[in-house]
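Charged side chains are the topic of this short report. Look at the sequence and the model first, then read on.

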Amino acid sequence: MTILESKISNQIRAEISKRGGHSLKLAASVHSGSGHPDIIGCLPTPTGAQIIVCETKRPGEEPRPLQWHRLREWRRAGAIAISATSVEDFNQKLEEQRGY
């Protein structure tokens with residue numbers, strides 16, 4: 001049975017909380033535009049805090065081109081921007097981007 005994207009998002013949000021952070025699940029609407037990440041959050045760092053955004057996908061799926069574009073926009077603005085298919089995938093990519 002394939003895991004639902006919503007379950008992956010909830011697991012990643014729980015991981016952010018476990019790390020001392022805070023996050024929100026963004027809901028798409030006609031007012032928010034298209035392609036925005038599913039999760040926006042903040043994680044503590046040794047010198048303050050770091051914004052993190054995450055596009056969640058089911059295993060084997062990839063973000064659409066507009067979603068990749070939005071992740072690049074967040075990254076250029078200084079956020080950690082990740083596409084993840086599981087908590088393990090999220091943790092690996094988080095550590096790669098944080099660099100500590």
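A salt bridge here is a side-chain nitrogen of Lys or Arg within 4 Å of a carboxyl oxygen of Asp or Glu. Side chains of opposite charge can pair when their charged atoms come close. The model is predicted. By the 4 Å rule, eight salt bridges are counted in this model. The table gives three of them, including the pair Arg 19 and Glu 15.

| Salt bridge | Closest N to O distance |
|---|---|
| Arg 19 and Glu 15 | 3.2 Å |
| Lys 93 and Asp 89 | 3.3 Å |
| Glu 55 and Lys 57 | 3.9 Å |

**A pair within one helix**

Take Lys 93 and Asp 89. Both residues sit in helix α3, which spans residues 87-98. They are four residues apart, or about one turn of the helix. Lys 93 counts as partly exposed because its relative accessibility is 28%. Asp 89 has a relative accessible area of 15%, so this residue is buried.

**A pair within a network**

Next come Arg 19 and Glu 15, which form a salt bridge. Why does Arg 19 count as partly exposed? Its relative accessibility is 28%, and partly exposed covers the range between under 20% and over 50%. Glu 15 has 9% relative accessibility, so Glu 15 counts as buried. Both residues belong to a network of salt bridges that also links Lys 18 and Glu 95.

**A buried pair**

Are Glu 55 and Lys 57 buried or exposed? Both are buried. Their side chains meet in a salt bridge, at 3.9 Å from N to O.

Key. Residues numbered from 1 in each chain as written. Predicted model: local features only at pLDDT ≥ 70, side-chain atom pairs only at ≥ 80, totals over all residues. Heavy atoms only, no water. Buried < 20%, exposed > 50% of the residue type's maximum accessible area, 1.4 Å probe, protein only. Helix = DSSP H or I, 4+ residues; strand = E, 2+ residues; numbered from the N terminus.
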